[in-house]
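Okay, thanks for squeezing me in. I'd like to walk you through one model, starting from a single residue pair and working outwards.

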Amino acid sequence: MIQDIYPKTYNCEYSEKEPLINSRIFFFYQNQVLASYQNNQLQIPFYYQIEDSVKQELPLRYLFAIDETDYFLADTVQTFNISPYQYQNISNFRGALPKDLSFAVATAYHLANWYRNNRYCGSCGALLQHDHKERMLRCDGCHNTVYPCIAPAVIVAVTNNDKILMTIYAEREYKRHALIAGFTEIGESAEETVRREVMEEAGLKVKNITYYKSQPWAFASNLLLGFFAELDGTDTITLDTTELAAADWFSRNEIIEEEDGISLTREMIVAFKNGYGAGATPGTT
Ligand SMILES: [Zn+2]
């Protein structure tokens, strides 16, 4: 999956670091990032490549480290020219190499959106201040505190003996097979989200809900929680056509999907194809 960068290690512990010459700096503009990308090799600007006049304009926020490399956000809505980099859509880099850098782009994008969308207090409208000890914003006017926002969502592999329920989303570019998925609502447990989403999207009941794995999915500020669940009762699908273009049962030998090393959805589909099912012990993939 996108976060699996072993043997490198992601370190999200917050501190107020200063950039070093070999720190990487993210410049985002909307859903684009300043990067170079050739032969599937991704590069992100180093601090030493930024002109002094630009450095002076930039509020830099320390984001995280991967092994010895520190990553910073240029916390700005302006665009900058830094040769040989160009602003490019972040979704181009999901499968880019090196893998730790493609994970870093996604994770930085999630943080950048949070910083960009939280400049002012949502309660009283005053400018928010950056806390020095943790990743938190505070309002000196009304004492409101704002922490990074992560939206939990479930992915559900509904199984019926040798078959799995696969879907195709309506009105999305992604036309490959997916699984039932949806956001957890306030007041709801993840297991309740599983039951509700399967009923809403496919009109099916499930039992024996089994947690599989989770995945940070920064493109939508998500934490995805993967579950397997067994069909309970009729297998007749009632499709929610506002969400899905199709949903059908597929037996293991009908699954053509291969592991992509990126998404939890794909890993779950391939795990089922390779014999994994609800009630079993989570695999080691
Ligand atoms: Zn306030």
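So, start at Arg24, which stands opposite Tyr71 in β7. Before I go on, keep in mind that this is a predicted model. The strands around that pair are β2 and β7, which pair in the parallel sense over 3 bridges.

Now zoom out to the sheet. What order do the 4 strands of this open sheet take? It goes β1-β6-β7-β2, and the pairing is mixed. β1, residues 10–11, and β2 are the edge strands with a single partner each, so each has one side with no neighbour in the sheet.

Let me take the other pairings in turn. β1 and β6 run antiparallel and are joined by 2 bridges, and Asn11 sits opposite Ala65 in β6. β6 and β7 also run antiparallel, with 6 bridges joining them. If you want a residue to click on there, Arg61 has Leu73 in β7 as its bridge partner. Then look at the turn: the hairpin of β6 and β7 has 2 residues between the strands, and Asp67 takes a positive phi near 50°. That's one for anybody who likes staring at backbone torsions.

Next, the helix. α2 covers residues 99–117, so to speak 19 residues, and from first C-alpha to last it reaches 27 Å, close to the 27 Å expected at 1.5 Å a residue. Its buried residues include Leu101, Phe103, Val105, Ala108, Ala112 and Tyr115. What do the buried residues of α2 pack against? The list is β2 (24–26), β3 (28–29), β4 (32–38), β5 (41–43), β6 (60–66) and β7 (69–74). Three of the strands from our sheet are on that list: β2, β6 and β7.

Take Val105 as an example from that helix. Is Val105 buried or exposed? Buried: there are 25 other C-beta atoms within 10 Å, and the cut-off for calling a residue buried is 20 or more. Leaving aside neighbours within four places in sequence, Val105 is in contact with Val33, Ile90 and Phe93. And if you'd like a distance to check, the C-alpha atoms of Val105 and Arg94 are separated by 8.8 Å, with their positions 11 residues apart along the chain.

That brings me to the core. The largest nonpolar core has 61 residues, and the members touching the most others are Phe26, Ala108, Val156 and Val158. Which element gives the largest share of this core? That's α2, with 10 residues. The core also draws at least three residues from each of domain 1 (10–117) and domain 3 (151–273). Phe26 is a good place to look: leaving out residues up to four places away in sequence, Phe26 touches Val33, Ile44, Tyr71, Leu73, Ala74, Ala108 and Ala112. Tyr71 is the residue we started from, opposite Arg24.

On to the domains. The assignment gives domain 1 (10–117), domain 2 (119–148) and domain 3 (151–273). The centres of domain 1 and domain 2, taken over C-alpha atoms, are 24 Å apart.

There's another sheet to show you: 3 strands in an open sheet, ordered β9-β10-β11, with antiparallel pairing. Here β9 and β11 (145–146) are at the edges with a single partner strand each, so one side of each lacks a neighbour in the sheet. β9 and β10 pair over 2 bridges, and Gln129 stands opposite Arg138 in β10.

In the loop between β9 (129–130) and β10 (137–138) you'll find Arg135. Arg135 counts as buried because 20 other C-beta atoms lie within 10 Å. Beyond residues up to four places away in sequence, Arg135 touches Tyr14 and Pro148. Arg135 and Tyr62 are 73 residues apart in sequence, yet 9.6 Å apart C-alpha to C-alpha.

Last, the whole chain. It has 4 helices and 17 strands, and the C-alpha trace spans about 65 × 50 × 35 Å along its principal axes. Of the 285 residues, 29% are buried. And for contacts with a separation of 6 or more, 63% come from residues 24 or more positions apart.

That's my tour; happy to spin the model around for anyone.

How values were computed
Residues are numbered from 1 along each chain as its sequence is written. This is a predicted model: local features need pLDDT of at least 70, side-chain atom pairs count only at pLDDT 80 or more; totals for chains, interfaces and linings use all residues. Domain bounds come from an automatic or database domain assignment. The expected span of a helix is 1.5 Å times one less than its number of residues. A residue is buried if 20 or more other C-beta atoms lie within 10 Å of its own, exposed if 12 or fewer, and partly exposed in between; C-beta atoms are placed from the backbone. Two residues are in contact if their C-beta atoms, placed from the backbone, lie within 7 Å. Two strands pair if DSSP finds at least two bridges between them. A nonpolar core is a set of buried Ala, Val, Leu, Ile, Met, Phe, Trp, Tyr and Cys residues joined through C-beta atoms within 7 Å.
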